[in-house]
Amino acid sequence: MSLKTPKLTVVGAGPGDIDLITVKAIKVLKTADVVLYDALVNEELLAYINPEAEQIFVGKRRGCYKYQQEQINELIVERAKSSGHVVRLKGGDPFIFGRGAEEMEYAANLGLEVAVVPGISSSLAVAAYQNIPLTKRGSAESFWVITGTTKDHKISNDIELAAKSNATIVVLMGMSKLPQIVKLFQAEGKNNLPVAIIQRGTTSREKLGIGTVDTIEKIVADNELKNPAIIVLGEVVKHRQVILDIQEQYANELKG
């Protein structure tokens, strides 16, 4: 049993670009006694961890779970009681479909101190890196961030509701449900609504597909896009091309 106070801090690592981790997150990593990190965490960030801390990979790769969620919960508590400060390092923001709240609740119920350091969510940053704003005056007054796949492995009912709105829709973990998503938007007459799919956004392995509700499935197939990826549906997707056109025009004027 450690003499240190058992504590869990859930930390968001951001969407992939190591520069998008927060200063506070780095400070917390330097104080960790144990770090449990996920597959979507850029492993270059591990260099910020206290060199004396134990590092444990608990993520999922290629459909294979290193640990089930219940085992992760138990590991957090066991290591906190034996070592002190456990940092749970998660990709993106731990409160945006990251199960950070569940882990904190489990730990708190067993007597651990708990804290969270927010991270930059892929739902915001990945689109922004492609010059796609989630809101824009005259195009979108709001946005939805929805999981494509629920805990029952079904498509979220909220996507059907969102398809009826004029908001920007960001779907996380939704690539396997893309055909169903397309049908829901087609049913609302939004066949020509712009769509962007961004795989491994903010990283050097980023891939992009731009189309419409009617064309996006072919674009995905042609470009071999797959998870991890986000789906953005809305008029704001056009902003990316607007910026590219302005930049090209300005470059041509300089040459001329």
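## Nonpolar surface patch

Ile96, Phe97 and Met173 make a nonpolar surface patch of about 260 Å². Of these residues, Met173 sits in the loop between β9 and α6. Its relative accessibility is 40%, so Met173 counts as partly exposed. The model in which this patch appears is a predicted one.

Ile96 also takes part in a contact with Ser121. Ser121 is placed in the loop between β7 (113-117) and α4. With a relative accessibility of 7%, Ser121 counts as buried. Leaving out residues up to four places away in sequence, Ser121 touches Gly92, Asp93 and Ile96. Ile96 is thus a member of the patch and a contact of a buried serine.

## Overall architecture

The chain contains eight helices and twelve strands. Its C-alpha trace spans about 65 × 50 × 30 Å along the principal axes. Of the 256 residues in the chain, 46% are buried.

Contacts were also sorted by separation along the sequence. Among those between residues at least 6 apart, 65% join residues at least 24 apart. The accessible surface of the chain comes to about 13800 Å², and carbon and sulfur atoms account for 50% of that area.

## Charges and salt bridges

The chain carries 30 positive and 30 negative charges, and the mean positions of the two sets are 2 Å apart. Side chains of opposite charge can pair when their charged atoms come close. The structure holds eleven salt bridges. Three of the pairs are described here, beginning with a buried one.

Asp38 and Lys90 meet through their side chains in a salt bridge, with an N to O distance of 4.0 Å. This pair links distant parts of the chain: Asp38 belongs to the loop between β2 (34-37) and β3 (54-57), Lys90 belongs to strand β6 (residues 85-90), and 52 residues separate them. Asp38 has a relative accessible area of 17% and is buried. Lys90 has a relative accessibility of 3% and likewise counts as buried. Both values fall under the 20% limit that defines a buried residue.

Glu188 and Lys164 form another salt bridge, in which the closest N and O atoms are 2.8 Å apart. Glu188 is in the loop between α6 (178-187) and β10 (194-199), while Lys164 is in the loop between α5 (157-163) and β9 (168-172), so this salt bridge ties together parts that are 24 residues apart in sequence. The relative accessibility of Glu188 is 33%, and this residue counts as partly exposed.

## A pair within a helix, and a network

Where do Lys218 and Asp222 lie? Both are in helix α7 (residues 216-223), four residues apart, which is about one turn of the helix. They form a salt bridge whose closest N and O atoms are 2.7 Å apart. Lys218 is exposed at a relative accessible area of 57%, and Asp222 is exposed at 52%. Salt bridges with shared partners also join Asp38, Arg88, Lys90 and Glu103 into one network. The buried residues Asp38 and Lys90 are therefore members of that network.

## Surroundings of Ala196 and Lys136

Is Ala196 buried or exposed? Ala196 is buried, with a relative accessible area of 0%, and lies in strand β10. Apart from neighbours within four places in sequence, Ala196 is in contact with Ile132, Gly209, Ile210, Ile230, Ile231, Val232 and Val237. Between the C-alpha atoms of Ala196 and Pro118 there are 26 Å, the two residues being 78 residues apart along the chain.

Lys136 is located in the loop between α4 (122-129) and β8 (143-147). Its relative accessible area is 30%, so Lys136 is partly exposed. When residues up to four places away in sequence are not counted, Lys136 touches Val236 and His239. The C-alpha atoms of Lys136 and Ala125 are separated by 15 Å, with the residues eleven apart along the chain.

Key: Residues numbered from 1 in each chain as written. Predicted model: local features only at pLDDT ≥ 70, side-chain atom pairs only at ≥ 80, totals over all residues. Heavy atoms only, no water. Helix = DSSP H or I, 4+ residues; strand = E, 2+ residues; numbered from the N terminus. Buried < 20%, exposed > 50% of the residue type's maximum accessible area, 1.4 Å probe, protein only. Contact = heavy atoms within 4.5 Å. Areas by Shrake-Rupley, 256 points an atom, 1.4 Å probe, with all protein chains shown as cover. Lys, Arg positive; Asp, Glu negative; His and termini not counted. Charge placed at Lys NZ, Arg CZ, Asp CG, Glu CD. Patch = residues over 30% accessible without salt bridge, like charges linked within 9 Å, V, L, I, M, F, W, Y side chains within 5 Å.
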